[in-house]
Amino acid sequence: MAGSCTGRRLFVIAASCVVLHWSMAPSFIAQQPQTLASDLGTSLRVASMMTAGSLPLAAEQPAMAYDSVVSMLQSWLIGGSLMLIIFAAVLVAATANPLTKRRAEILSQVENER
């Protein structure tokens, strides 16, 4: 118990030090002066990194997009029907529980023997 309390104290102290360090960081950084000569290699490298980073966003298609309202309604009807069937099966299993019936039968036999 005492070990976990010490660990928590150390964690709180470390977290407080990190927050204090971040709050002491400079809040304004002056803009670096722009150079007149542009570095073509750096520009191409930055452009290729931006293109590679945004490529998955361009290739991603909307998942399960509905072509029409009719197909959306059909999917809801099918899903609702399946849920209704599942709930009906659960209700039947709960009411026709053979273990509960067997326990009640054994209990009545034990009471009759006494």
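**Figure 1. Glu105 and its partner in the predicted model.** In this predicted model, Glu105 is partly exposed, with a relative accessible area of 39%. The side chain of Glu105 meets that of Arg102 in a salt bridge, with an N to O distance of 3.1 Å. Arg102 is likewise partly exposed, because its relative accessible area of 44% falls between the limits of 20% for buried and 50% for exposed. Both residues belong to helix H4 (residues 98-113), where three residues, about one turn of the helix, set them apart. The structure holds one salt bridge.

**Figure 2. A nonpolar surface patch that includes Val69.** Val69, Met72, Leu73 and Trp76 make a nonpolar surface patch of about 440 Å². Val69 is placed in helix H3, which spans residues 69-95. With a relative accessibility of 55%, Val69 counts as exposed, since the cut-off for that class is over 50%.

**Figure 3. Helices and confidence along the protein chain.** Four helices and zero strands are present in the protein chain, giving the pattern α-α-α-α when read along the sequence. Among these elements, H3 has the highest mean pLDDT, 90, and helix H2 (residues 40-59) the lowest, 74. For the protein chain, the mean pLDDT is 78, and 72% of the residues reach 70 or more. Where pLDDT is low, predicted coordinates should not be read in detail.

**Figure 4. Surface of the protein chain.** The protein chain has 114 residues, of which 0% count as buried. About 11100 Å² of the protein chain is exposed, and carbon and sulfur atoms supply 70% of this area.

Definitions and conventions: Residues numbered from 1 in each chain as written. Predicted model: local features only at pLDDT ≥ 70, side-chain atom pairs only at ≥ 80, totals over all residues. Heavy atoms only, no water. Patch = residues over 30% accessible without salt bridge, like charges linked within 9 Å, V, L, I, M, F, W, Y side chains within 5 Å. Areas by Shrake-Rupley, 256 points an atom, 1.4 Å probe, with all protein chains shown as cover. Salt bridge = Lys/Arg side-chain N within 4 Å of Asp/Glu carboxyl O. Helix = DSSP H or I, 4+ residues; strand = E, 2+ residues; numbered from the N terminus. Buried < 20%, exposed > 50% of the residue type's maximum accessible area, 1.4 Å probe, protein only. pLDDT = per-residue confidence, 0-100.
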